[in-house]
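Q: I'd like to learn how to read a structure like this one, feature by feature. Could you walk me through it?

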Amino acid sequence: MKNIILIAPPAAGKGTLSEMLVEKYNYVHISTGDLLRDAAKSKTALGEKISNLLKTGELVTDEIVFDLLEKRLKEPDTLNGYILDGFPRNLEQAKKYEEMLTKLNYDLGIVVFLNTSYETLKKRIVGRVVCQDCGSVYNTLTGVNTPKNANLCDKCGGLLYKRSDDNEESFKNRYETYTLKTKPLINYYKEKGNLFYIDGESKEQMMMEIEGLLND
Ligand code: AMP
């Protein structure tokens, strides 16, 4: 399968789209945010440093991100095709990533930009809750994926929690960081000829459009 890079503002639907692709095509989903949240749980100086950076919505240093990503890409399951979610976040990361690909002998694949309105994004972030046991994602504001019980996962009964960075203040920060640092990637990949746009307002639409690209 073609490797996929998903570029989009926070909560544009990268996680949802990835989940659908994993289920249907056995893709490996690599979210640098998830890699960092896992690393932040370790009771070490590095874990604490990452945890503090995550709370503010600031980008974590490239050194930390590349170290975690390279370890993950070296696992053999990535050979069948993987989705990068949340990476690269800026031009420097995009360029350094290409060096890593050469080293690993992997293809860049396709780059997909998810187009979603600012208002939709804000509601998705402020209302988002996640199951602490199985990672399922729900929303209490958008009317889509509302959990039956506000505190419990419909699928496994696990407790639902709010990510520490899913609040309005942090959303504004993350959106600003995205506009300043990540958006320039759109032109970068457009010039390379790898960029495709898809509509991120509904999951059915996203899936239909991306399947068109994968079957091309
Ligand atoms: P996400 O789950 O993609 O929304 O990421 C959550 C947070 O993890 C971001 O606000 C950043 O602090 C950090 N993060 C995720 N991916 C990266 C990356 N590629 N480079 C730097 N920081 C990242």
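Q: Let's start with one residue pair: which residue in S3 does Ile 5 stand opposite?

A: Keep in mind that this is a predicted model. Strands of a sheet pair through backbone hydrogen bonds, either parallel or antiparallel. Here, Ile 5 faces Leu 84 in S3. On the S4 side, Ile 5 stands opposite Val 111.

Q: How many bridges join S1 to S3, and how many join S1 to S4?

A: Three bridges connect S1 with S3, and the two strands run parallel. Four bridges tie strand S1 (residues 4-7) to strand S4 (residues 110-115), again a parallel pair. One register point to check on screen is Ile 7, whose bridge partner in S4 is Phe 113.

Q: In what order do the strands of that open sheet come?

A: The order is S2-S3-S1-S4-S8, five strands with parallel pairing. At the edges you'll find strand S2 (28-31) and strand S8 (195-199), each pairing on one side only. From one strand to the next, the twist averages 25°.

Q: Are the residues on the two faces of S1 buried or exposed?

A: They're buried, and both faces are covered: Ile 4 and Leu 6 are on one side, Ile 5 and Ile 7 on the other.

Q: Which strands does helix H2 lie across, and which does helix H8 touch?

A: Helix H2 (residues 32-40) lies across S2 and strand S3 (82-85), at about 65° to S2. Helix H8 (residues 184-192) packs on the sheet and touches S1, S4 and S8, with its direction making about 125° with that of S8.

Q: I also see Asn 187; which helix is it in, and is it buried or partly exposed?

A: Asn 187 belongs to helix H8. Its relative accessibility is 46%, so Asn 187 counts as partly exposed. For a sense of distance, its C-alpha atom is 23 Å from that of Phe 66, and the two residues are 121 apart along the chain.

Q: On to the interior. Which residues have the most contacts inside the largest nonpolar core?

A: The general idea comes first. In soluble globular proteins, nonpolar side chains tend to be buried together. In this model the largest nonpolar core has 34 residues, and Tyr 82, Tyr 97 and Tyr 189 have the most contacts inside it. Leaving out residues up to four places away in sequence, Tyr 189 touches several others, among them Ile 5, Ile 7, Leu 108, Val 111 and Leu 195. Apart from that core lies another, of 21 residues, including Ala 12, Ile 125, Phe 171 and Ile 210.

Q: What is the strand order in the open sheet of three strands?

A: That one reads S6-S5-S7, and its pairing is antiparallel. Strand S6 (137-139) and strand S7 (160-161) each have a single partner strand, so one side of each has no neighbour in the sheet. Two bridges join strand S5 (residues 128-131) to S7. Within S7, Leu 160 is the bridge partner of Cys 131.

Q: Into which domains is the protein divided?

A: There's domain 1 (4-117 + 166-214) and domain 2 (128-161). Notice that domain 1 is written as two segments. Taken over C-alpha atoms, the centres of domain 1 and domain 2 are separated by 23 Å.

Q: Now the charged side chains. How many salt bridges does the structure hold, and which residue does Glu 168 meet in one?

A: It holds 14 salt bridges. In one of them, the side chain of Glu 168 meets that of Lys 122, at 3.5 Å from N to O. This pair links distant parts of the chain, with Glu 168 in helix H7 (residues 168-182) and Lys 122 in helix H6 (residues 118-126), 46 residues apart. Glu 168 is partly exposed at 37% relative accessibility, and Lys 122 is partly exposed at 22%.

Q: Which residues are joined with Arg 174 into one network?

A: Build it up pair by pair. Asp 165 forms a salt bridge with Arg 174, with the closest N and O atoms 3.8 Å apart. Asp 166 also bridges to Arg 174, and there the closest N and O atoms are 3.4 Å apart. Shared partners join Arg 128, Arg 163, Asp 165, Asp 166 and Arg 174 into one network.

Q: Why do Asp 166 and Arg 174 count as buried?

A: The cut-off is under 20% relative accessible area. Asp 166 is at 2%, so it counts as buried. Arg 174, at 12%, is buried too, and so is Asp 165 at 9%.

Notes:
Residues are numbered from 1 along each chain as its sequence is written. This is a predicted model: local features need pLDDT of at least 70, side-chain atom pairs count only at pLDDT 80 or more; totals for chains, interfaces and linings use all residues. Side-chain values use heavy atoms; hydrogens and water are left out. A salt bridge is a side-chain nitrogen of Lys or Arg within 4 Å of a carboxyl oxygen of Asp or Glu. Buried means under 20% relative accessible area, exposed over 50%, partly exposed in between (1.4 Å probe, protein chains only). Two strands pair if DSSP finds at least two bridges between them. Axes are lines fitted to C-alpha atoms, for helices over the stretch in contact, and angles run from 0 to 180 degrees between N-to-C directions. Contact means heavy atoms within 4.5 Å. A nonpolar core is a set of buried Ala, Val, Leu, Ile, Met, Phe, Trp, Tyr and Cys residues joined through side-chain atoms within 4.5 Å. Domain bounds come from an automatic or database domain assignment.
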